[in-house]
Amino acid sequence: MDFACLHISSLWEKLLGAIGDAAGSALGRVVEAIRTVFEGDPETRRQVSFSVAIIALSAKMAKADGNVNEKEVAAFRQIFDFPPEEAQNVARLYNLARQDVAGYEAYASKLANLCGTGAHNCPMLENVVDGLFHIAKADGLLHEKELSFLARIAEIFRIDEAHFRRIMARHVELEGRDPYLVLGVSPEDDFATIRKRYRSLVIEHHPDKLHARGVPAALHAAATERMAALNAAYSEIEKERRAA
């Protein structure tokens, strides 16, 4: 996260200073504060919303398999890199998320509306799911409870099942990675259609596009991983079609 660009210290002070130290429905109040305090600044609101989502849902997911290890913590730092002077603020929000009496479903429901009521397959929320996948698999094993957690988050975010399966295919090889699923195409499609789809995905997931959606630059680890999966899938299909 580019904290300098966001004047993040003052933002944290506004958000965290307003909710105090009690758990209760603290994160719900944070979401409402984001909605109201930054109502006239949609760019900042998107970036702050994304940051809060990554911190809070990472903390909630840590409870999914009951174990937080060093690799998962390192993965969290990869997608949410913050300067030492902000460590206390980040830790405070992370701990609030773990202690909040509201479950992750209640919190995710509030976040879902940040893309607009009724919006489906919201790109910003898709990137949240990508970031959570990056953390969940950091220890080399995606626990069944973590996968269930991610699937439920996607459902709450109004990411449809087919779209979630494409996201999952970028991260998890279930009986071998399906390159067609990764690109969201069919083996029956001609190569020109597949190439067009691949190029549109490359443009869609370009860093400039992510920035326009309010996704912090700190997500480069997950974004790079996503691009690698798209490139590998396209190369595999291209090789297969040339050999045919």
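The protein in this predicted model averages a pLDDT of 76, and 71% of the residues score at least 70. Confidence is not even along the chain. Over residues 1-9 the pLDDT stays under 50. For that stretch the model has 18 contacts beyond four places in sequence.

**Overall fold**

What kinds of secondary structure does the protein hold, and how many of each? There are 14 helices and zero strands. Read along the sequence, the pattern is α-α-α-α-α-α-α-α-α-α-α-α-α-α. The protein has 244 residues, and 45% of them count as buried. Its accessible surface comes to about 11700 Å². Carbon and sulfur atoms account for 52% of that surface. Contacts often span long stretches of sequence: among those between residues at least 6 apart, 76% join residues at least 24 apart.

**Helices α8 and α10**

Two packed helices are described by the angle between their axes and the distance between the axes. Here, helix α8 covers residues 123-136 and helix α10 covers residues 161-171. They pack at an angle of about 35 degrees, and their axes lie 10 Å apart. The crossing of α8 past α10 is right-handed.

Which residues make this contact? From α8 come E126, V129, D130, F133 and H134. From α10 come H163, F164, I167, M168, R170 and H171. By class, the contact has five nonpolar, three polar and three charged residues.

H171 deserves a closer look. This residue is found in helix α10. Is H171 buried or exposed? H171 counts as buried, because its relative accessibility is 8%, below the 20% cut-off. Leaving aside neighbours within four places in sequence, H171 is in contact with D130, F133, H134, K137, R177 and E225. Among these partners, D130, F133 and H134 also belong to the α8 side of the helix contact.

**Loops beside these helices**

Most residues other than glycine have a negative phi, and most peptide bonds are trans. Two loop residues have a positive phi instead. N121 has a phi near 50 degrees, a positive value in a residue other than glycine. N121 sits in the loop between α7 (104-112) and α8. With a relative accessible area of 22%, N121 is partly exposed.

R158 is the other case. Its phi is near 60 degrees, again positive in a residue other than glycine. R158 lies in the loop between α9 (144-156) and α10.

**Pairs apart in sequence**

Three residues can each be paired with a partner elsewhere in the chain. The table gives the separation along the sequence and the C-alpha to C-alpha distance.

| Pair | Separation in sequence | C-alpha to C-alpha distance |
|---|---|---|
| R197 and G184 | 13 residues | 8.0 Å |
| Y104 and F149 | 45 residues | 8.9 Å |
| E144 and A64 | 80 residues | 9.1 Å |

Take R197 to begin with. This residue is in helix α12 (residues 191-204). R197 counts as partly exposed, because its relative accessibility is 27%. Not counting residues up to four places away in sequence, R197 touches R166, L183, G184 and V185. G184, its partner in the table, is thus one of the residues in contact with R197.

Y104 is found in helix α7. What is the relative accessible area of Y104? The value is 22%, so Y104 is partly exposed. Which residues does Y104 touch, not counting those up to four places away in sequence? They are K60, F149, R152 and I153. F149, the table partner of Y104, is among them.

E144 is in helix α9. Is E144 buried or exposed? E144 is exposed, because its relative accessible area is 64%, over the 50% cut-off. Along the chain, E144 and A64 are 80 residues apart. In space, their C-alpha atoms are 9.1 Å apart.

**In brief**

The protein has 14 helices and zero strands. Helices α8 and α10 pack at about 35 degrees, in a right-handed crossing. H171 in α10 is buried, whereas E144 in α9 is exposed. N121 and R158 each have a positive phi.

Technical notes: Residues are numbered from 1 along each chain as its sequence is written. This is a predicted model: local features need pLDDT of at least 70, side-chain atom pairs count only at pLDDT 80 or more; totals for chains, interfaces and linings use all residues. Side-chain values use heavy atoms; hydrogens and water are left out. pLDDT is the predictor's confidence in each residue, from 0 to 100. Contact means heavy atoms within 4.5 Å. Helices (H or I, at least four residues) and strands (E, at least two) are DSSP runs, numbered from the N terminus. Buried means under 20% relative accessible area, exposed over 50%, partly exposed in between (1.4 Å probe, protein chains only). Accessible areas come from the Shrake-Rupley method with a 1.4 Å probe; for residues, only the protein chains shown count as cover. Axes are lines fitted to C-alpha atoms, for helices over the stretch in contact, and angles run from 0 to 180 degrees between N-to-C directions. A crossing is left-handed if the near helix is turned anticlockwise from the far one by less than a right angle, and right-handed if clockwise. Ala, Val, Leu, Ile, Met, Phe, Trp, Tyr, Cys and Pro count as nonpolar, Asp, Glu, Lys and Arg as charged, and the others, Gly among them, as polar.
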